Amino acid sequence: MDTPVDIQKGIYSYAANPKSVEYVGLPYPRQWNPIEEDWQLPENWKEIISKGFRERLDRFRSVKVFMDICVRCGACADKCHFFIGSGDPKNMPVLRAELLRSVYRNDFTTAGKIIGSIGKNFKKIIGARELDLQVLKEWWYYLFQCSECRRCSVFCPYGIDTAEITIMGRELLNLIGLNIDWIATPVANCYRTGNHLGIQPHAYKDMMDFFADDIEEITGVKVEPSFNRKGAEILFVTPSGDIFADPGTYTCVGYMMLFHYLQEKYGFDITWSTYASEGGNFGFFTSHEMMKRLNAKMYAEAKRLGVKWIIGGECGHMWRVIHQYMDTMNGPADFLEEPVSPITGTKFENAKSTKMVHIAEFTADLIKHNKLELDLSRNDHLKVTYHDSCNTSRGMGLLEEPRYVIKNVCNNFYEMPANTIREQTFCCGSGSGLNAGENMELRMQGGLPRANAVKYVHEKHGVNMLSCVCAIDRAALSSSMEYWVPGVEVTGVHEMVGNALILPGEQKRMTDLRSEPLPGMEDDDAE
Amino acid sequence: MYSLIAVIILFLLAYVGVKFPGGEVFFGIIIPYLALIIFILGFINRVIDWARSPVPFRIPTTCGQQKSLPWIKSANIDNPSTTGGVVVRMILEVVFLRSLFRNTKCELKESDKISYEWEKWLWLFSLTFHWAFFTVLFRHLRLFTEPVPACVQLVAKLDGFLQIGLPGLMLSGVALLAAVTFLFLRRILIPQVKYISLGSDYFPLFLIFGIAFTGILMRYFTKVDIVGVKEFTMSLVTLNPHVIKGIGGVFYVHLFFVSVLLVYFPFSKLMHLGGIFMSPTRNMVNNSRAKRHVNPWNYPVKIHTYDAYEDEFREKMIEANLPVEKMIAPETPEEPEEKE
């Protein structure tokens, strides 16, 4: 804790654009630069943080308990992908928590006050310190090197959750306008246009029309998704990354084909929304309040359109928010009905209050009831492994549903080593708003443990496709694979569903959804 | 270092202190009573303080399959969907240190493979430490009860089943000392653990080492007058305290160390004893989608409504054939300012 913070290029992310901060009415929007000495802080910043800290201690038992009970056994240390990848001791989860804890001991505990009054040198013994500019900078630097993945929390004998600490720390930093731009601007975009990428309604529809053309080219079938349609039975919300960022777009194509298939066969009735066109929630990386403000659109839109329930697409932290926060924040959703699959009649009892079902749960149920016609050989060119997204595994427990779907749409599936999957899964390295460009070194460091496990199955089984159920994963792992394990591509689970699904009236498919030739169709340029 | 010095000073304080007139009353009666009161009030106060903060969200760390579709087997202990599951999870956590049992050690192998091997030593010694400490504490009930309950006698019998030496060797004492030594050594030998260790981590280790050491010293070496000790402890229990002559300095050091530990307890990380029960990531049912969890301080927030959204994009939406709530009025509203 004595080593002064050294903010390094490649690790830190750029400061928030003041326009974005201002747009959503968060405090102290200004131009500032992390590597400059002066951060243009408000004069009373210490007072603001101190007051904010007190408030959060009184509001969250988690913070209060986690501040007090850590014994520093060190079990969490080598569980963090950022520590494993960077070797920076301050990336050990215990020290990330000590960032806040040291100030907490100094300002809010009896022991800290007594010891502090004896003399400054004694503070070190109990790990207490005063919040000064250096400490603040250390907070900022290291709280934006945590992806809130909760892996450390699995191993902690008290369940201390560093994500909880990071969330509070970032809330405090936001009180004095210290966000990073890769979070702040998506938040502002999402607030205004409904999605992080700032896609306006007409462009959203254009993009989907474009995908529809692709589907027609590949399958000969014209699909027609509907938007903002009142009276539909189900609303579909997915991360906007699926609409605009490869390879997530192919996952989006997969959803469109699935919905079209169900509509033709069983009269399935679903609508997309341009207003609630974002599943992800970067507000979660800003503050609880911002999370609630962005999340509110889902229920608001469901109510406006008069749907019965909601299906959510493949995304990680989106699902942590939906599963653990949404109903509490913006519920009760008493204007919706308990979700029942119109095709199989399955009641989704586990979602009867929140009324939102994960698409992997939905599709797994369809497959179990033999409702999909699938040609698995169309995924035969893929040797697939599956990356559990942090949030769906440790903040929900969605482990088997996606695996069941994958195993039923493709023939070659290989698991990564046991200590790197399921609840022990490693973060892609870019979660919780760290998927920027300027911090690429940090992202590649954090991505190392995951990539290393992929490399293992790549070499052992020839795995060439890394599947996942998270939009950030699809973007982040693509870069990480390119850097660490060339030869492995990234896919969403529903892209593989789309590949295998036999649409009514389709032509003989020559290519997969990426327009690459299917096995046996390579005519001229064999791989 | 400071912590070691502190414990040595405490040792001398008690050892020398009792030799002064009134020292035995001070270290034998006043300090222990005071310490016990501080411990009890401090402990309760801390737990109440935690309990005063609400748990606004249902945030269990899920370590297994959720309960979703009926044909998928869920992990009701590691990802509890019922209160029963939570109870079992907590029992495993508190009694067997379940999460620590998962501990792995990350190592680089063959220059480019990262391996995560099961690391059982921390778990094993932590478990030993806590169980040994508990057993020792439980055995001490024989000094505070008359007649001594059968269960206490049974535990003492089991503890000494090796029947080595006279007085019979108690395993728990040795185990406690060994475990404390291990926990201390890993703090100074494993670089990352050394880096995170604070004075307040070493202090209780030294103190507990001191308690175990003086205890063993009295039992096997200085052969403390156990009848006298019992007479004294019973006088404390019956709130009729009086000093018994000739118990010896080591006993007072032992008692003083225990008193210091009691006072230190509520103000330190040792409160993990109480905190573990209140940890929201462990003691909650993962059923937040099935059953609504209420946040007592949930407050309304400003949101960007659909109407505001449509007002901004209506023209473009109509052009793209997207349904709208309101058609455009004859006098087209001014195009809102484009952001960026």
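# A guided tour of chains A and B

Start with chain B: among its contacts between residues at least 6 apart in sequence, 61% join residues at least 24 apart. Two residues are in contact here if their C-beta atoms, placed from the backbone, lie within 7 Å.

Before you click further, note that this is a predicted model, in which local features need pLDDT of at least 70, side-chain atom pairs count only at pLDDT 80 or more, and totals for chains, interfaces and linings use all residues. Residues are numbered from 1 along each chain as its sequence is written, while chains are lettered from A and ligands numbered from 1 in the order in which they are written.

**Stop 1: chain B**

Keep chain B selected and turn on the cartoon view. You will find 13 helices and 2 strands. Helices (H or I, at least four residues) and strands (E, at least two) are DSSP runs, numbered from the N terminus. Along the principal axes, the C-alpha atoms of chain B fill a box of roughly 105 × 50 × 40 Å. Chain B has a radius of gyration of 30 Å, but a compact globule of 340 residues would have one near 20 Å. The radius of gyration is taken over C-alpha atoms, and the globule rule is 2.2 Å times the number of residues to the power 0.38.

How far apart are the centres of domain 1 and domain 2 of chain B? Colour residues 2–97 and 130–278 as domain 1, then 304–340 as domain 2; these bounds come from an automatic or database domain assignment. Taken over C-alpha atoms, the two centres are separated by 68 Å. Of the 340 residues in chain B, 34% are buried. A residue is buried if 20 or more other C-beta atoms lie within 10 Å of its own, exposed if 12 or fewer, and partly exposed in between, with C-beta atoms placed from the backbone.

**Stop 2: chain A as a whole**

Now select chain A, with its 22 helices and 7 strands. Its radius of gyration is 24 Å, close to the 24 Å that the globule rule gives for 527 residues, so chain A is as compact as a globular protein of that length. The C-alpha trace of chain A spans about 80 × 50 × 40 Å along its principal axes. In chain A, 64% of the 527 residues count as buried.

Next, look for the largest nonpolar core, which has 229 residues. A nonpolar core is a set of buried Ala, Val, Leu, Ile, Met, Phe, Trp, Tyr and Cys residues joined through C-beta atoms within 7 Å. A:Val187, A:Ile310 and A:Val454 touch the most other members. Zoom in on A:Val454: leaving out residues up to four places away in sequence, its partners include A:Thr385, A:Met416 and A:Leu466.

**Stop 3: the two domains of chain A**

Colour residues 18–179 as domain 1 and 189–500 as domain 2. Their C-alpha centres lie 32 Å apart. Here 20 residues of domain 1 of chain A are in contact with 24 residues of domain 2 of chain A. Which element gives the most to the domain 1 side? Choose α4(A), which gives 5 residues. The elements giving two or more residues to that side are α4 (81–86), α9 (151–155) and α10 (162–175) of chain A.

**Stop 4: helices α10 and α8 of chain A**

Stay with α10(A). All of it is hidden: 14 of its 14 residues are buried, so α10(A) is largely enclosed by the rest of the structure. Just after α10(A), find A:Gly177, whose phi is positive, near 70°.

Then select helix α8 (residues 133–143) of chain A, where the buried residues include A:Trp139, A:Trp140 and A:Tyr142. The cover over the buried residues of α8(A) includes α5 (93–108) and α10 of chain A.

**Stop 5: A:Asn281**

Is A:Asn281 buried or exposed? It is buried, with 29 other C-beta atoms within 10 Å. A:Asn281 lies in the loop between β2 (270–272) and α15 of chain A. Beyond its neighbours within four places in sequence, A:Asn281 is in contact with residues including A:Met291, A:His317 and A:Val321.

**Stop 6: where the chains meet**

Finally, show both chains together: 89 residues of chain A are in contact with 81 residues of chain B. Helix α15 (residues 288–305) of chain A gives the most to the chain A side, with 7 residues. The residues on that side divide into 39 nonpolar, 22 polar and 28 charged. Ala, Val, Leu, Ile, Met, Phe, Trp, Tyr, Cys and Pro count as nonpolar, Asp, Glu, Lys and Arg as charged, and the others, Gly among them, as polar.
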